[in-house]
Amino acid sequence: MLVPEVTTAEGIPHGLRLTGVIPAIFILSAWGVNWLWEKMPHQKYFQIEKFLAVAIFISALIVYNFALYFGVAANSPDYYYAFRSDLTDVSNYLNTRNMKDKTYLSLDEFSVQTADYLTTDKNQPYHLVDPAHTYTLTLKAGDQVVFTESTIFDITKFIQYHPEAKKIRTDLNQFGQPIMIVYEETAK
C-alpha cells in the first residue's frame, strides 16, 4: 500500500495516497497502548487512576493537535506555499483575463497542473513559459506575463531584457508576501 506514495513526485504534501497504510499505523499504535495498559496495575482501586490517565492523555492529544493545526499550520507561509494556494489566485486572474494570445504564464510543468485544472472552462487562457527562459519572450504591446510565487525570482532577469514592461498587478497572501506579479509590455 506504500506504492502510491513512493511512486509519486517527492514533496507533494498530500496524504490521500497513504490511506492504505492507516490500518497498519493504528494497529502498531494500538499494540503499544495495549502493552502499556497491561503493564499498569489491575487492582480495583487503580481503575479510576487508569481511566483518569487515559482521559488526560487523550485530552492532551486533542489540545496539542488543535493548536498545531489551527495555530501553527494556519499561520505559516510555508504551509500556504506547500499547498500552492497561490495558483488558485493566478488561475482566477487568468480566467477573468481570458486572452490566450496575449497572456504568458511563467510556471514549471509540474506545478501547472493546478492552473490547467482551474482554467479548463476557458481552455487554458495562457501560453506556458519555462521560468528560466521567460526573459527570452518576444512581446508585443498589451502582452502580459504572469509570475507566480515560485517564479518571482525570475522577474529580475525578465526586467533586464524587457525594461519597457510595467508591473500592473501584485497580489499578496495573508502574510504580505507576493504570490502573483503581472507585467505588461507597453512598447513595440
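## A surface patch and a five-stranded sheet

In this predicted model, the side chains of Val-54, Phe-57, Ile-58, Leu-61 and Ile-62 make a nonpolar surface patch of about 450 Å². One of these residues, Leu-61, lies in helix H3, which covers residues 47–72. Leu-61 counts as partly exposed because its relative accessibility is 38%, and partly exposed residues fall between the limits of 20% and 50%.

Elsewhere in the model there is a sheet. Five strands form this open sheet in the order E2-E1-E3-E5-E4, with mixed pairing. Strands E2 and E4 stand at the edges and have a single partner strand each, so one side of each is left without a neighbour in the sheet. From one strand to the next, the twist averages 25°. Helix H5, residues 86–97, packs on the sheet and touches E1, E3, E4 and E5, while its direction makes about 165° with that of E3.

Strands of a sheet pair through backbone hydrogen bonds, and they may do so in a parallel or an antiparallel way. Here E4 and E5 run antiparallel and are joined by seven bridges. Two residue pairs across these strands are listed below.

| Residue | Partner in E5 |
|---|---|
| Asp-171 | Met-180 |
| Lys-167 | Tyr-183 |

The strands E4 and E5 also form a hairpin, with five residues between them, and in its turn Gly-176 has a positive phi of about 80°.

Definitions and conventions. Residues numbered from 1 in each chain as written. Predicted model: local features only at pLDDT ≥ 70, side-chain atom pairs only at ≥ 80, totals over all residues. Heavy atoms only, no water. Patch = residues over 30% accessible without salt bridge, like charges linked within 9 Å, V, L, I, M, F, W, Y side chains within 5 Å. Areas by Shrake-Rupley, 256 points an atom, 1.4 Å probe, with all protein chains shown as cover. Salt bridge = Lys/Arg side-chain N within 4 Å of Asp/Glu carboxyl O. Helix = DSSP H or I, 4+ residues; strand = E, 2+ residues; numbered from the N terminus. Buried < 20%, exposed > 50% of the residue type's maximum accessible area, 1.4 Å probe, protein only. Pairing = 2+ DSSP bridges. Axes fitted to C-alpha atoms, helices over the stretch in contact; angles between N-to-C directions. Contact = heavy atoms within 4.5 Å.
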